[in-house]
Amino acid sequence: MCGIAGSTQPDDHRAVEAMRQRLAHRGPDGSGVWSDPTGKIALGCARLATTDLTGQANQPLVSTEGRFVLVFNGYIAGHRCKIQAATRDGLTFQTRNDAELVLQLMSNAIRQGSDLAQVLQTLSGQYAIALWDVEQSCLWLARDPLGIKPLYVLSRPDGHIAFASEISAFSAIAPLVRDEGIKPTYLAHLFVPAPNTGKEAIKLLSPGTLMRWQAGEVSTGLIAHPAYRADKASQMPTAGDLLSAVRQSVADAMDADCSVGCLVSGGLDSAGVAALACDIARERGQNIPKAFVMGLDDPALDETEAAQKLCRHLRQELHVVAAPTQPEDIYQELVAVLRSVGGPFANPSIVLMRCLAKAVSGNVKVCLSGDGGDELFGGYPRYRAAQLYETYWRHAPRPWRRMAAKLYGAGKRREIHRFLAGGSGARSHAFAVWNNRCVIPECNARIVPHPDLGGSLTDAMMHFDRDVTIPGNQLLMSDRCGMAHGLEYRLPLLGHDVVRIAASVPAKQHLKHGPKSLWRQAITPYLPAGHVQHHKIGFNPPVARWLLGVARYLWGDENRILEAIFADVEISQGRKTAYWKRAVSAKDLDMALSIWALMVWQIWLELDGSDMGGAADTA
């Protein structure tokens with residue numbers, strides 16, 4: 001993992017060095033800037049060394065004949081085997097590093113006139129890539145099709161561009177202008193969906209984008225998503241097929257030249273990854289990976305006890321990391337997060353993630369996580385809701401459905417209220433309501449355009465989460481929180497073979513015997529008795545308590561709080577008060593998240609108007 005940056009502005013070496021310095025927290029193990037001999041481009045890298053720790057593997061990497069230069073952020077699964085295969089095909093390697101594998105494969109494809117997108121789609125793992133072709137004065141930028149690693153592009157005068165792993169790096173070369181037009185979709189998703197960022201002239205490459213820049217002209221291609229390469233006509237995958245793919249993906253993720261750990265919880269996904277990691281470590285004669293869990297002081301949210309039982313079963317050393325509890329500490333972590341993200345981000349779990357990553361980084365350099373399992377294997381209640389709606393509820397007369405939604409108001413059981421609210425109309429209405437996180441109608445929040453709903457509504461929702469929510473939410477948190485502390489998160493459940501198998505199974509099969517039927521069947525033998533029946537809590541803080549504490553810390557009494565939080569919303573005082581009381585009651589999570597998002601928006605505006613544009617992460 002690394003922080004990468006570059007600019008096509010002529011003779012921009014010093015500027016790119018300044019960009020690299022703003023990314024130093026992403027790569028404490030090495031740094032460098034390479035400039036084209038004719039001054040056409042400069043490329044920079046701050047390296048976090050996880051494979052081939054020698055100085056020879058430092059970046060930027062230059063091909064032996066000097067034609068190609070690469071900066072690379074990520075890791076390639078199974079890179080050692082791929083290097084061996086490429087060597088047999090006649091390529092010569094100077095290192096054992098996966099970055100050189102990418103350099104060799106891409107440069108060889110360009111020499112032969114092959115399709116770069118097809119070359120890159122064969123690489124599982126996670127990456128953001130910049131490759132400069134000296135001979136053609138051509139820059140290639142690529143982001144992995146799952147969207148695990150970020151790559152931002154700044155449009156500059158006269159057709160020039162700059163790129164970086166984080167928005168903050170661009171403050172070294174240009175003023176950053178806020179884009180408030182992203183507010184409706186930000187409030188709906190709690191993050192800013194790609195390609196928008198909250199900054200004018202800066203775009204986040206969408207997952208799977210292959211971009212080519214040459215003399216101010218830009219063209220783009222698409223690296224095929226593994227889900228869309230699934231063979232729908234083949235025999236339905238079995239639990240054994242899924243287990244084999246996940247096991248190989250875990251084994252690949254553990255292949256590092258440094259210490260490796262695991263996140264654990266009471267959930268199925270991280271537990272499954274940890275169990276396989278321990279089994280593989282014993283098989284290889286390696287040390288069992290250390291395990292880490294976030295401990296919360298609210299028993300309803302804390303998964304420490306389940307994690308302890310799991311780790312005793314796996315014979316793992318468990319580290320419990322205490323969550324912040326004081327409003328000032330929570331606010332300071334939130335500010336650091338917003339500076340790192342470079343735009344508004346309202347999933348409060350990112351504060352927990354940042355605190356957890358800091359503790360994990362003190363013990364290991366690579367950490368395995370279970371991100372992606374809920375979306376791939378059907379873990380969220382709204383998927384079951386969509387299935388129930390299509391099978392039964394949509395056949396009821398619409399007036400009856402509307403009446404049920406009206407009678408069962410907010411403040412009652414959350415799942416039933418949301419189901420009835422979404423189920424009161426057509427399929428498109430259900431999709432919009434169940435994917436929109438903002439429950440304040442005056443905010444006019446809206447989700448990004450959704451997919452064709454001609455097929456199964458449940459499949460459409462799972463695809464939407466896989467393609468939009470995972471990269472914009474979970475993967476952003478993993479990247480920013482880990483890299484803020486020089487920690488590389490690896491996500492085995494997003495290995496390409498795992499994604500292909502999951503996508504080839506219809507949603508109704510994933511939900512056949514409850515959530516994650518196939519994955520549950522695959523991993524149960526590796527887990528302690530009762531773990532798969534453990535009630536899913538999720539990685540969530542006490543949002544209502546945090547909201548009340550941070551708002552009071554910032555603004556004091558309720559009148560000032562309401563004035564600040566609802567400053568940009570046309571709404572009556574009575575409704576402000578009613579929404580606020582619902583939010584801090586600890587009985588309406590949706591309202592608490594909606595108002596948390598409004599509070600974060602105001603904090604972001606304040607930071608952006610002061611020092612945020614020029615601030616690097618202060619980890």
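A colleague and a modeller talk through the fold and a few local features of this predicted model.

Colleague: Before we start, what should I know about the model and its numbering?

Modeller: Residues are numbered from 1 along each chain as its sequence is written, and side-chain values use heavy atoms, with hydrogens and water left out. This is a predicted model, in which local features need pLDDT of at least 70 and side-chain atom pairs count only at pLDDT 80 or more, while totals for chains, interfaces and linings use all residues.

Colleague: How many helices and strands are there?

Modeller: The protein has 23 helices and 17 strands, taken as DSSP runs numbered from the N terminus (helices are H or I with at least four residues, strands are E with at least two).

Colleague: And what is the radius of gyration?

Modeller: The protein has 24 Å, which agrees with the value near 25 Å for a compact globule of 619 residues; the radius is taken over C-alpha atoms, and the globule rule is 2.2 Å times the number of residues to the power 0.38. Along its principal axes the C-alpha trace spans about 75 × 55 × 45 Å.

Colleague: How much of it counts as buried?

Modeller: Of the 619 residues, 61% count as buried, where buried means under 20% relative accessible area, exposed over 50% and partly exposed in between (1.4 Å probe, protein chains only). Among contacts (heavy atoms within 4.5 Å) between residues at least 6 apart in sequence, 73% join residues at least 24 apart.

Colleague: Let's turn to α9; what is its span?

Modeller: Helix α9 covers residues 327-341, and its end C-alpha atoms are 21 Å apart, in agreement with the 21 Å that its 15 residues should span at 1.5 Å a residue; the expected span is 1.5 Å times one less than the number of residues.

Colleague: Which of its residues are buried, and what do they pack against?

Modeller: The buried ones are I330, Y331, L334, V335, A336, V337, L338, R339, S340 and V341. The buried residues of α9 pack against strand β8 (152-155) and against helices α10 (349-361), α16 (457-483), α20 (543-555) and α23 (589-608). After the helix comes G342, whose phi is positive, near 85 degrees.

Colleague: What about Y152, buried or exposed?

Modeller: Y152, which lies in strand β8, is buried, with a relative accessible area of 3%.

Colleague: Where is V498, and what is it in contact with?

Modeller: V498 sits in helix α17 (residues 496-503) and counts as buried at 1% relative accessibility. Leaving aside neighbours within four places in sequence, V498 is in contact with L242, A245, V246, S249, F377, P492 and L493. V498 and A239 are 259 residues apart in sequence and 11 Å apart in space, C-alpha to C-alpha.

Colleague: Changing topic, where are the cis peptide bonds at P60 and P195?

Modeller: Q59 and P60 are joined by a cis peptide bond with omega about 0 degrees, and P60 lies in the loop between β3 (42-47) and β4 (61-62). The bond from A194 to P195 is also cis, with omega near 10 degrees, and P195 is in the loop between α5 (183-189) and β10 (202-204).

Colleague: And what about L190 and A215, buried or exposed?

Modeller: L190, in the loop between α5 and β10, counts as buried at 4% relative accessibility, whereas A215, in the loop between β11 (209-214) and β12 (217-222), is exposed at 68%. Although L190 is not a glycine, its phi is positive at about 75 degrees; A215 is not a glycine either, and its phi is positive at about 50 degrees.
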